[in-house]
Amino acid sequence: MASLPRFRLHATNLLVSLVAPWGVFHASQADTAPQPTLQLPFDGTTDGIRSDGKTVAPLETHGTPTFRAGKVGQAFLTGGDEAWLEYPGDALDPQQGSVMLWVCPLNWSSSDDKFHVFLEAGEEKYGQGWFLLYKYYQSAWLLFRLKDERNGVTMPFKPVIWKPGEWHHVVATWQLGRQ
């Protein structure tokens, strides 16, 4: 599968803090430690840092980015009337990888009846696959959905009690054929 065209950070009234060393990871060999391919620290900027040290700006910025105190450093405020960001998808390997982020709901809890999407990547209509990390509506289940050109899989996380103002460390890991 080719790289994904883009990935988007958005949600409903949520603080997202992706802080070094947490980011998007890819393990190229089983005997080497995973290396971050992109880190988004959100310390006053929407720019990310690639593993080669180069800066990556969002492909698109919707709304005006706002930053608040995060779990470590600052966090990006997204959702509702707030901004959302789209980054190049080549930082995500559809074959294998991990996404790690800190999230903090601002004015919603896990008992509400709404979807809360944290991260989505790819565009299924182009046959390039996609993945989605979100809180399912009418439940406290956190779901990670992954699909390549042929197959799809949904991986549920243990139900989480989401309360406004509480930070949660969320990690999704995948390896095609070994979900």
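Begin by selecting Arg50, which is placed in strand β5 (strands, like helices, are DSSP runs numbered from the N terminus, a strand being E over at least two residues and a helix H or I over at least four). At 22% relative accessibility, Arg50 counts as partly exposed, the classes being buried for under 20% relative accessible area, exposed for over 50% and partly exposed in between, with a 1.4 Å probe and protein chains only. Add Gln39 to the selection: the two residues are 11 apart along the chain, and their C-alpha atoms are separated by 6.5 Å.

Before going further, keep in mind that this is a predicted model, in which local features need pLDDT of at least 70 and side-chain atom pairs count only at pLDDT 80 or more, while totals for chains, interfaces and linings use all residues. Residues are numbered from 1 along each chain as its sequence is written, and side-chain values use heavy atoms, with hydrogens and water left out.

Next, select Phe42, which is found in the loop between β4 (35-39) and β5 (48-50). Its backbone deserves a look, since Phe42 has a positive phi of about 55 degrees although it is not a glycine. As background, most residues other than glycine have a negative phi. Phe42 counts as buried because its relative accessibility is 0%.

Now move to residues 66-69, strand β8, and show β9 with it: the two pair in the antiparallel sense over 4 bridges (strands pair if DSSP finds at least two bridges between them). Thr66 has Leu77 as its bridge partner in β9. The two strands form a hairpin with 4 residues between them, and in the turn Gly73 has a positive phi of about 75 degrees. Strand β9, residues 74-78, is mostly covered, with 4 of its 5 residues buried.

With the hairpin still in view, turn to the aromatic rings, for which a search of the whole structure finds 8 pairs. Rings of Phe, Tyr and Trp (its six-membered ring) pair if their centres lie within 6.5 Å, and planes under 30 degrees apart count as stacked, over 60 as edge-to-face and the rest as tilted. Display Phe67 and Phe76: their ring centres are 6.4 Å apart and their planes stand at 55 degrees, so this pair is tilted. Phe67 is partly exposed, at 23% relative accessibility, whereas Phe76, at 0%, is buried.

Another tilted pair to select is Phe115 with Tyr134, at 5.8 Å centre to centre and with 50 degrees between the planes. This pair links distant parts of the chain, for Phe115 is in the loop between β11 (96-105) and β12 (116-122) and Tyr134 is in strand β13 (residues 130-135), 19 residues apart. Phe115 is partly exposed, with a relative accessible area of 42%, while Tyr134 is buried at 6%. Adding Tyr136 and Tyr137 to these two shows one aromatic cluster.

Keep Phe115 and Tyr136 selected and add Trp141, because these three make a nonpolar surface patch of about 280 Å². Patches are made of residues with over 30% relative accessible area and no salt bridge, like charges being joined within 9 Å and nonpolar side chains (Val, Leu, Ile, Met, Phe, Trp, Tyr) within 5 Å; the areas come from the Shrake-Rupley method with a 1.4 Å probe, and for residues only the protein chains shown count as cover.

The structure holds 1 salt bridge, meaning a side-chain nitrogen of Lys or Arg within 4 Å of a carboxyl oxygen of Asp or Glu. To find it, select Lys135 and Asp112, whose side chains meet at 3.2 Å, N to O. Lys135 lies in strand β13 and Asp112 in the loop between β11 and β12, so the pair ties together parts that are 23 residues apart in sequence. Both Lys135 and Asp112 are buried.

From Lys135, look across to His116, which stands opposite Lys135 in β13. Here β12 and β13 pair in the antiparallel sense over 6 bridges, and β12 is mostly covered, with 6 of its 7 residues buried.

Finally, select Val171 in strand β16 (residues 168-175), a partly exposed residue with a relative accessible area of 29%. Show Val99 as well: the C-alpha atoms of Val171 and Val99 are separated by 5.6 Å, although the residues are 72 apart along the chain.
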